[in-house]
Amino acid sequence: MDAYALADADPVAAVLAWLAEHPKVTEVLGGPGRVSGAREAPWPHLRVAAGPGGDLGNLTWRTEPEVSLELYGDPGGWPGPAELTRILKVCALAVAELPDAEPVVGRAVISGVRPSGVLLESPLETGQPRWVMGLLITLHPNPETS
């Protein structure tokens, strides 16, 4: 086992790839191409990014970094807060399925997902709706590829 494999265990890439292909997420967002690492149309759009928290443990095997899910509505204000909250919860529930998924060769093994807090309404300065939620992703390097 390569001791530096932990540096390549990327929770953002794993969550983004999972959500981009997840049928429930595609359905609730209104179609494909609405999950990425950027704030971009079409709306609503889910941005997956590194979160501000988490726990790197002792840097030897298991870590629990935070991944941020940011859901953007249309700059015109739709959908409303209740629908954006529902969409973000569906996306979080889809991420929670990752520990039961088959590990992907070359990607970290995810063994746990839990919220780091609550859903937070955080509109942009322009008034564009944005809801944010953090998820703690328990993971370790994939021993079959490290």
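Does Glu 70 count as buried or exposed, and at what relative accessibility? In this predicted model, Glu 70 has a relative accessibility of 10%, so this residue counts as buried, the cut-off for that class being under 20%. Let's use this glutamate as a way into the structure.

Glu 70 belongs to strand β3. Its side chain has a partner close at hand in sequence: a polar contact of 2.6 Å links the side chains of Glu 70 and Tyr 72. If you set aside the neighbours within four places in sequence, Glu 70 is in contact with two runs of residues, His 45, Leu 46 and Arg 47 on the one hand, and Arg 130, Trp 131 and Val 132 on the other. For a sense of scale, you can also look from Glu 70 to Asn 142: they are 72 residues apart in sequence, and their C-alpha atoms are 27 Å apart in space.

Arg 130, Trp 131 and Val 132 bring us to the next stop, since strand β6 covers residues 130–140. Of its 11 residues, 10 are buried, so β6 is largely enclosed by the rest of the structure. What pairs with this strand? Strand β3, residues 64–72, runs antiparallel to β6 and is joined to it by seven bridges. You can find one of these pairings at Leu 71, whose bridge partner in β6 is Trp 131. Strand β4 is also antiparallel to β6, with six bridges between them; here Arg 114 has Leu 136 of β6 as its bridge partner. Then there is strand β5, made up of residues 120–121, which is antiparallel to β6 and joined to it by two bridges. Look for Leu 120 opposite Val 132 of β6. As you trace these strands, one rule is handy: in a regular strand, side chains alternate between the two faces of the sheet.

Now go back to His 45, Leu 46 and Arg 47, the other run that Glu 70 touches. Ser 36 is in contact with these three residues as well, and also with Leu 16 and Val 48, again leaving aside neighbours within four places in sequence. Ser 36 sits in strand β1, residues 35–36, and its relative accessibility is 13%, which is why Ser 36 counts as buried. The side chain of Ser 36 has a polar contact of 2.9 Å with the side chain of Glu 40.

Two prolines deserve a look along the way. The peptide bond from Ala 41 to Pro 42 is cis, with omega near 5 degrees, and Pro 42 is part of the loop between β1 and β2. Another cis peptide bond joins Trp 78 to Pro 79, with omega about -15 degrees. Pro 79 is in the loop between β3 and α3.

Our last stop is an empty space. Rolling a probe the size of a water molecule over the atoms shows where such space is left. The largest pocket has a volume of about 220 Å³. Its lining is made by 13 residues, and Leu 98, Ala 101, Glu 102, Pro 103 and Val 104 are those nearest its centre. Helix α1 (11–21) and strand β4 (109–115) are the elements that give two or more residues to this lining, and the largest share, three residues, comes from α1. What classes of residue line the largest pocket? The lining has 11 nonpolar residues, two charged ones and no polar ones.

Notes. Residues numbered from 1 in each chain as written. Predicted model: local features only at pLDDT ≥ 70, side-chain atom pairs only at ≥ 80, totals over all residues. Heavy atoms only, no water. 1 Å grid on protein atoms, 1.4 Å probe; cavity = no way out; pocket = protein on both sides within 12 Å on 5 of 7 lines; lining within 4 Å. Points joined across faces, edges and corners; volume = space filled by probe spheres on them. Helix = DSSP H or I, 4+ residues; strand = E, 2+ residues; numbered from the N terminus. Nonpolar A, V, L, I, M, F, W, Y, C, P; charged D, E, K, R; others polar. Buried < 20%, exposed > 50% of the residue type's maximum accessible area, 1.4 Å probe, protein only. Pairing = 2+ DSSP bridges. Contact = heavy atoms within 4.5 Å. Polar contact = N/O pair within 3.5 Å; in protein donor to acceptor, adjacent residues only side chain to side chain.
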